[in-house]
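Trainee: I am new to this structure and would like a guided look. Could you take me through it step by step?

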Amino acid sequence: MNDIETINSLVEKYNNLKREIGKVIVGQEAAVDSLLVSIFTGGHCLLVGVPGLAKTLMVNTLSRALGLAFSRIQFTPDLMPSDITGSEILDENRRFQFVKGPVFANIVLADEINRTPPKTQAALLEAMQEKSVTVSGKSYLLPAPFFVLATQNPIEQEGTYPLPEAQLDRFMFNIRMDYPSFAEELDIVKTTTIDTHPEVNVVLTADEILHYQQVIRKMPVPDNVCEYAVRLVGSTRVDNSKSENSLAQRYLSWGAGPRASQYLVMGAKTHAAFQGKYSPDIEDVRAIATEVLRHRIVRNYYAEAEGITTDAIVAQLIDQA
């Protein structure tokens with residue numbers, strides 16, 4: 001199968017995946033789309049939403065449809081790094097043996113990641129970046145493909161530890177999940193208050209996902225698309241702003257780094273592939289720009305005082321780039 005045939009087959013797999021996930025998850029189509037883009041790009045996701053929006057159920061359903069090993073870690077203030085990575089124990093032969101932690105799975109759900117101290121949060125940094133963990137000086141490769149999907153409650157901030165910028169930057173997307181519409185919530189109530197257990201069929205295997213990732217990475221990107229992505233990211237940086245009246249000068253204290261440009265181009269490739277296109281265009285970059293940039297820019301005092309959200313700033317930057 002050549003690359004064009006592979007892209008054509010991916011469109012069918014993508015539609016099948018959405019159909020299988022839709023058996024369990026009502027609505028939240030934008031969040032499902034973003035999750036699938038990140039999976040086939042090879043990125044990690046941060047899902048932000050109030051309790052009860054099926055964040056955990058969505059990730060679990062996704063792992064079932066993809067046929068991947070799933071692991072859930074409930075982050076709490078007393079969670080230790082070894083509770084994530086694993087540790088060495090003394091076996092019956094008085095030899096140290098490494099016992100793998102829950103991070104050794106294809107999809108790791110870091111539930112309420114901001115509930116645990118920075119020392120434990122940092123245990124995920126190497127895993128997310130290097131796809132390996134180091135324990136007692138030895139490195140252990142994580143299974144491929146590997147994704148961290150973390151959840152965060154935006155309302156309750158007591159007893160939480162905000163994620164440092166270095167870790168936030170490891171997440172490809174910051175996905176905001178909203179309340180369902182009246183019709184969607186009515187459907188949720190009707191389908192979840194009776195004795196039904198929808199069966200989710202496996203659509204893809206781990207090897208197929210890795211193959212699709214390789215084909216997407218080889219997809220050609222026009223120069224104007226790369227230039228648009230870099231120009232958009234550059235417009236978030238105060239030092240790059242040519243005008244004192246620019247959005248960055250007025251409302252931002254810190255902008256996005258080069259990783260944002262990389263994710264914009266890679267995400268645009270995957271978004272284009274899902275639409276059956278063999279090369280991304282600027283509209284594909286625009287489609288994913290908010291999720292890529294919203295957690296990589298820091299508002300200044302004036303933006304906070306005027307109640308201007310990061311999403312509103314990103315929307316204006318997209319129009320101006």
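Mentor: What follows is a set of questions and answers on the sheet, a hairpin, some single residues and the largest pocket.

Trainee: Before we start, what kind of model is this, and how are residues numbered?

Mentor: This is a predicted model, where local features need pLDDT of at least 70, side-chain atom pairs count only at pLDDT 80 or more, and totals for chains, interfaces and linings use all residues. Side-chain values use heavy atoms, leaving out hydrogens and water, and residues are numbered from 1 along each chain as its sequence is written.

Trainee: Thanks! In which order do the 5 strands of the open sheet run?

Mentor: Helices (H or I, at least four residues) and strands (E, at least two) are DSSP runs numbered from the N terminus, and two strands pair if DSSP finds at least two bridges between them. The pairing in this open sheet is parallel. Its edge strands, each pairing on one side only, are β2 (70–74) and β9. The order is β2-β5-β8-β1-β9.

Trainee: By how many degrees are neighbouring strands of this sheet turned against each other on average?

Mentor: Axes are lines fitted to C-alpha atoms, for helices over the stretch in contact, and angles run from 0 to 180 degrees between N-to-C directions. For the strands of this sheet, direction is ignored, and the average turn between neighbours is 20°.

Trainee: Which residue of β8 is the bridge partner of Ile 107?

Mentor: Start on the other side of strand β5 (residues 107–111), which is joined to β2 by 5 bridges. There, Phe 70 has Ile 107 as its bridge partner, and Arg 72 stands opposite Leu 109. Strands β5 and β8 also pair in the parallel sense, over 4 bridges. In β8, the partner of Ile 107 is Phe 147.

Trainee: How many residues of β5 are buried?

Mentor: Buried means under 20% relative accessible area, exposed over 50%, and partly exposed in between (1.4 Å probe, protein chains only). In a regular strand the side chains alternate between the two faces of the sheet. On one side of β5, Ile 107, Leu 109 and Asp 111 are buried, and on the other Val 108 and Ala 110 are buried. The count for β5 is 5 of its 5 residues.

Trainee: Which strands does helix α3 touch as it packs on the sheet?

Mentor: Helix α3 covers residues 55–66, and its direction makes about 175° with that of β5. Contact means heavy atoms within 4.5 Å. The strands touched by α3 are β1, β2, β5 and β8 (147–152).

Trainee: Which residue in the hairpin of β6 and β7 takes a positive phi?

Mentor: Strands β6 (residues 132–135) and β7 (residues 138–141) run antiparallel and are joined by 4 bridges. One of the pairs is Ser 132 with Leu 141. The hairpin has 2 residues between its strands, and the phi near 55° belongs to Ser 136.

Trainee: Which peptide bond is cis?

Mentor: Most residues other than glycine have a negative phi, and most peptide bonds are trans. Look in the loop between β7 and β8, where Pro 145 lies. With omega near -5°, the cis bond runs from Ala 144 to Pro 145.

Trainee: Is Thr 85 buried or exposed?

Mentor: Thr 85 sits in helix α4 (residues 82–85). Beyond its neighbours within four places in sequence, Thr 85 is in contact with residues including Phe 98, Phe 104 and Val 133. Because its relative accessibility is 11%, Thr 85 counts as buried.

Trainee: What is the volume of the largest pocket?

Mentor: On a 1 Å grid over the protein atoms alone, a pocket is an open set of points where a 1.4 Å probe fits, with protein on both sides within 12 Å along at least five of seven lines; lining residues have an atom within 4 Å of a point. Grid points are joined across faces, edges and corners, and a volume is the space filled by probe spheres set on the points. The largest pocket is lined by 27 residues, with Gln 152, Leu 168, Asn 174, Arg 294 and His 295 nearest its centre. Its volume is about 750 Å³.
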